[in-house]
Amino acid sequence: MGILYRVKTDCVWDECGAAFTVYGVTAYTAAGEILCAVPDLFFDREKAAAFVRLCRSEQPQPWALLEFAEDALAAQYGG
């Protein structure tokens with residue numbers, strides 16, 4: 001079985017103390033062991049879910065997940 005990917009939800013605060021929910025991705029083994037987590041990629045949960053779907057179809061290696069995320073964000077935002 002391949003690597004499992006899930007949306008990671010966190011809360012961050014700006015310099016004025018306002019809280020924001022942010023989303024990233026976590027890669028797991030079938031046994032539930034965390035292999036890699038990339039937090040704070042998106043403010044929009046739907047964009048995070050779309051990225052997780054891309055991870056599920058492409059199956060990037062955990063050590064390459066950050067670069068995979070950077071490439072996906074650059075493609076999405078024209079970077």
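What follows is a short tour of the strands, helices and side-chain pairs of this structure.

The model is a predicted one, so local features need pLDDT of at least 70 and side-chain atom pairs count only at pLDDT 80 or more, while totals for chains, interfaces and linings use all residues. Residues are numbered from 1 along each chain as its sequence is written, and side-chain values use heavy atoms, with hydrogens and water left out.

To begin with the sheet: three strands form an open sheet in the order 1-2-3, with antiparallel pairing. The edges are taken by strand 1 (4-13) and strand 3, each of which pairs on one side only. Neighbouring strands of this sheet are turned by 30° against each other on average, direction ignored. Strands here (E, at least two residues), like helices (H or I, at least four), are DSSP runs numbered from the N terminus, and two strands pair if DSSP finds at least two bridges between them. Strand 1 and strand 2 are joined in the antiparallel sense by 10 bridges, and valine 12 stands opposite phenylalanine 20 in strand 2. Helix 1 packs on the sheet, touching strand 1, strand 2 and strand 3, and its direction makes about 150° with that of strand 1. Helix 2 also packs on the sheet and touches strand 1, strand 2 and strand 3, with its direction at about 25° to that of strand 3. Contact in this sense means heavy atoms within 4.5 Å. The axes are lines fitted to C-alpha atoms, for helices over the stretch in contact, and angles run from 0 to 180 degrees between N-to-C directions.

On the other side of strand 2, the pairing with strand 3 is antiparallel too and runs over five bridges. Threonine 26 has alanine 37 in strand 3 as its bridge partner. The hairpin of these two strands has five residues between them, and glycine 32 there takes a positive phi near 95°.

Next come the rings. A pair of aromatic rings is described by the distance of the centres and the angle of the planes. Rings of Phe, Tyr and Trp (its six-membered ring) pair if their centres lie within 6.5 Å; planes under 30 degrees apart count as stacked, over 60 as edge-to-face and the rest as tilted. There are three aromatic pairs in the structure. Phenylalanine 20 and phenylalanine 43 have ring centres 6.3 Å apart and planes at 70°, so this pair is edge-to-face. The two residues sit 23 residues apart, phenylalanine 20 in strand 2 (residues 19-28) and phenylalanine 43 in the loop between strand 3 (34-42) and helix 1 (45-58). Phenylalanine 20 is partly exposed at 36% relative accessible area, whereas phenylalanine 43 is exposed at 63%; buried means under 20%, exposed over 50%, and partly exposed in between (1.4 Å probe, protein chains only).

Phenylalanine 51 and phenylalanine 68 have ring centres 5.9 Å apart and planes at 40°, so that pair is tilted. It links helix 1, home of phenylalanine 51, to phenylalanine 68 in helix 2 (residues 65-77), 17 residues apart. Phenylalanine 51 is buried, with just 5% relative accessible area. Ring pairs also tie Phe42, Phe51 and Phe68 into a cluster.

Charged side chains round things off. One salt bridge is counted, a salt bridge being a side-chain nitrogen of Lys or Arg within 4 Å of a carboxyl oxygen of Asp or Glu. Its partners are aspartate 10 and lysine 8, with the closest N and O atoms 3.5 Å apart. Aspartate 10 is partly exposed at 26%, as is lysine 8 at 23%.
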